[in-house]
Amino acid sequence: VEELFPDTAKFPQKELISGSSASLYDHVQIDSDIEKNFLEKRLKEDDKVICYFKFPYRFKINMPKIIQNYNPDWGIIRVDEKRNVKLELVRETKGNIDTNLLQFRNEKRKIDCASKHFKAIGIDYRTVDDKVPNYWEPAN
């Protein structure tokens with residue numbers, strides 16, 4: 001765990017923005033404007049979020065070799081409607097939530113496999129963009 005989430009990064013990324021009291025670190029790496037907006041408009045403003053983090057690039061889910069391993073975007077710990085604390089949300093942020101319209105076909109394959117992976121282990125997984133207001137709701 002310390003290897004994936006060290007106290008400090010040896011080579012911090014340039015695309016860092018300030019976190020919040022709920023973020024795992026003081027600063028959060030972002031890879032796009034979609035991620036920045038999701039962080040600022042959804043995670044930071046949601047008072048039911050207890051903790052959130054961007055999965056480190058070293059965290060990989062093994063996928064078939066033809067698809068390549070997968071690195072999800074966000075892990076979120078949130079209080080549900082009954083005030084139960086759950087680590088149940090993994091969210092993938094993309095510019096288009098319709099995976100058929102993603103720029104790279106391999107991205108859709110990874111997301112489809114990741115969806116099956118997280119479903120099998122009982123973790124809610126969903127692709128969202130920065131405009132989805134109820135990002136915590138399960139995928140349909």
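## Close-up views of the predicted model

**View 1. Ring pairs: the count comes to 7 aromatic pairs.** One of them joins Phe53 and Phe55, an edge-to-face pair with 4.9 Å centre to centre and 75° between the planes. Both partners are tucked away: Phe53 is buried, and Phe55 is buried too. Ring pairs also tie Phe38, Trp74, Tyr135 and Trp136 together as a cluster. Keep in mind that this is a predicted model, so every distance and angle here is computed from predicted coordinates.

**View 2. The whole fold, for orientation: 2 helices and 6 strands.** Start at the N terminus and the elements read β-β-α-β-β-β-α-β. The protein has 140 residues, and 37% of them are buried. How much of the contact list joins residues at least 24 apart, if you count contacts between residues at least 6 apart in sequence? The share is 52%.

**View 3. Helix H1 and its buried face.** H1 covers residues 33-43, and its buried residues are Glu35, Phe38, Leu39, Arg42 and Leu43. Look down the helix axis and these buried residues fall within an arc of 110°, so they line one face of H1. The geometry behind this is the usual one: an α-helix has 3.6 residues a turn, so residues three or four places apart point the same way. At the N-terminal end, Ser32 acts as the cap of H1, with a side-chain oxygen 3.4 Å from the backbone nitrogen of Ile34.

**View 4. Two separate nonpolar cores.** The largest core has 15 residues, and the members that touch the most others are Phe38, Leu39, Leu43, Tyr52, Trp74, Ile76 and Tyr135. H1, strand E3 (49-54) and E4 each put in at least two residues. Which element gives the most to this core? That would be H1, with 3 residues. There is also a second, separate core of 12 residues, with Ile61, Val90, Leu102 and Ile111 among them. As background, nonpolar side chains tend to be buried together in soluble globular proteins.

**View 5. Arg78, a buried arginine in strand E4.** Strand E4 spans residues 74-79, and Arg78 sits in it. Is this arginine buried or exposed? Arg78 comes out at a relative accessible area of 6%, so it is buried, given the cut-off of under 20%. What does its side chain make a polar contact with? The partner is the side chain of Asp46, at 2.8 Å. Leaving out residues up to four places away in sequence, Arg78 touches Asp46, Lys48, Val49, Ile50, Asn84, Val85, Lys86, Leu89, Tyr135 and Trp136. Two of those names, Tyr135 and Trp136, belong to the ring cluster of View 1.

**View 6. Asp124 and Arg91, joined by a 2.5 Å polar contact.** Asp124 is found in strand E6, which runs over residues 124-128. With a relative accessible area of 19%, Asp124 counts as buried, because the cut-off is under 20%. The contact with Arg91 is between the two side chains.

**View 7. Cysteines without a disulfide.** How many disulfides does the structure hold? The count is 0. Cys51 is buried at a relative accessible area of 16%, whereas Cys113 is partly exposed at 22%. For reference, a disulfide is a covalent bond between the sulfur atoms of two cysteines.

**View 8. Two exposed loop residues, Ser21 and Arg83.** Ser21 lies in the loop that connects strand E1 (16-18) with strand E2 (27-29), and its relative accessible area is 82%. Ser21 and Val49 are 28 residues apart along the chain, with 9.9 Å between their C-alpha atoms. Arg83 is in the loop between E4 and strand E5 (85-93). What stands out on the backbone of Arg83 is phi: it is near 70°, a positive value in a residue other than glycine. Arg83 is exposed, with a relative accessible area of 58%.

**View 9. Glu107 in helix H2.** H2 takes in residues 105-120, and Glu107 is part of it. Glu107 is partly exposed at a relative accessible area of 22%. Lys94 and Leu102 are the residues that Glu107 touches, once those up to four places away in sequence are left out. Leu102 appears in View 4 as well, as a member of the second core. Finally, Glu107 and Gln68 are 39 residues apart in sequence, and their C-alpha atoms are 9.9 Å apart in space.

Notes
Residues are numbered from 1 along each chain as its sequence is written. This is a predicted model: local features need pLDDT of at least 70, side-chain atom pairs count only at pLDDT 80 or more; totals for chains, interfaces and linings use all residues. Side-chain values use heavy atoms; hydrogens and water are left out. Buried means under 20% relative accessible area, exposed over 50%, partly exposed in between (1.4 Å probe, protein chains only). Helices (H or I, at least four residues) and strands (E, at least two) are DSSP runs, numbered from the N terminus. The arc is that of the directions from the helix axis to the C-beta atoms. A polar contact is a pair of N or O atoms within 3.5 Å; within protein, one must be able to donate a hydrogen and the other to accept it, and residues adjacent in sequence count only if both atoms are side-chain atoms. Contact means heavy atoms within 4.5 Å. A nonpolar core is a set of buried Ala, Val, Leu, Ile, Met, Phe, Trp, Tyr and Cys residues joined through side-chain atoms within 4.5 Å. A disulfide is a pair of cysteine sulfur atoms within 2.5 Å. Rings of Phe, Tyr and Trp (its six-membered ring) pair if their centres lie within 6.5 Å; planes under 30 degrees apart count as stacked, over 60 as edge-to-face and the rest as tilted.
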